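Grab your viewer and work through a few exercises on a ligand and the pockets of its protein. Try each one by eye before you read the solution.

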Amino acid sequence: MKKIEAFIQPEQFEKVKRELFAAEVHKMSVSQVRGCGQQRGYTESYRGQVVTINLLPKIKIEIAVNDNFVKPTVEAIIRGARTGQIGDGKIFIMDLPECIRVRTGETGSLAIG
Ligand SMILES: Nc1ncnc2c1ncn2[C@@H]1O[C@H](COP(=O)(O)OP(=O)(O)OP(=O)(O)O)[C@@H](O)[C@H]1O
Ligand SMILES: [Mg+2]
């Protein structure tokens with residue numbers, strides 16, 4: 001199992017969601033976050049407090065999948081998110097050792113799918 005985390009531009013989210021649904025990926029968690037990539041946010045001190053500026057709104061999508069769904073999921077995110085501009089986003093893929101469905105106690109592949 002893998003955990004996929006994608007940071008994308010908010011205005012691309014509806015398109016990414018459509019592509020994910022078309023790829024039969026229906027389970028996801030979505031949150032509004034702020035972030036920066038290689039163009040860099042930065043911090044500075046303001047009246048004694050360290051403040052971070054230049055962090056732009058992004059959408060974070062978290063999806064846990066069985067291994068055979070990694071490629072279609074990543075491809076769907078890219079199809080929906082890519083405009084060719086800086087800030088199009090980034091995708092992280094992590095090993096996921098376990099998943100448990102609370103209602104049934106199912107674990108692993110049974111619980112994730
Ligand atoms: N190394 C990282 N660690 C954590 N979050 C990151 C990292 N890189 C990017 N992100 C998140 O992904 C968002 C989108 O990144 P972004 O697309 O700007 O990447 P980039 O490396 O700057 O590429 P580009 O040059 O295409 O803009 C960032 O705003 C941030 O939320
Ligand atoms: Mg960037």
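Here come three exercises, each with a worked solution.

This is a predicted model, where local features need pLDDT of at least 70, side-chain atom pairs count only at pLDDT 80 or more, and totals for chains, interfaces and linings use all residues. Residues are numbered from 1 along each chain as its sequence is written, chains are lettered from A and ligands numbered from 1 in the order in which they are written, and side-chain values use heavy atoms, leaving out hydrogens and water.

**Exercise 1.** Work out which residues surround ligand 1 and are closest.

Step 1: Collect the residues near the ligand (one heavy atom within 4 Å). You should get 13, with Gln38, Gln39, Gly87, Gly89 and Lys90 the closest.

Step 2: Sort them by class. That shell has four nonpolar, six polar and three charged residues, with Gly counted as polar, and Asp, Glu, Lys and Arg as charged.

Step 3: Look at where they come from. Strand S6 (residues 89-95; strands are DSSP E runs of at least two) gives the largest share, three residues.

**Exercise 2.** Find polar atoms that oxygen atoms of ligand 1 lie close to, using pairs of N or O atoms within 3.5 Å.

Step 1: Check the backbone. Gly89 has a polar backbone atom 2.8 Å from a ligand oxygen, and a backbone N or O of Cys36 lies 3.1 Å from one.

Step 2: Now the side chains. A polar side-chain atom of Lys90 is 2.7 Å from an oxygen of ligand 1.

Step 3: Add up the cover. Alone, ligand 1 exposes 600 Å², and the protein buries 72% of that (Shrake-Rupley, 1.4 Å probe).

**Exercise 3.** Which residues line the second largest pocket, and where does ligand 1 sit?

Step 1: Ligand 1 sits in the largest pocket, meaning that more than half of its atoms lie within 2 Å of the grid points. A pocket is an open set of points on a 1 Å grid over the protein atoms alone, with protein on both sides within 12 Å along at least five of seven lines, and lining residues have an atom within 4 Å of a point.

Step 2: That pocket holds about 520 Å³, and its lining has 21 residues, with Lys58 among those nearest the centre.

Step 3: The second largest pocket holds about 160 Å³. Its lining includes Glu24, His26, Phe69 and Ile112, and S5 supplies the largest share, three residues.

How values were computed. A polar contact is a pair of N or O atoms within 3.5 Å; within protein, one must be able to donate a hydrogen and the other to accept it, and residues adjacent in sequence count only if both atoms are side-chain atoms. On a 1 Å grid over the protein atoms alone, a cavity is a set of points where a 1.4 Å probe fits but cannot get out, and a pocket is an open set with protein on both sides within 12 Å along at least five of seven lines; lining residues have an atom within 4 Å of a point. Helices (H or I, at least four residues) and strands (E, at least two) are DSSP runs, numbered from the N terminus. Grid points are joined across faces, edges and corners, and a volume is the space filled by probe spheres set on the points.
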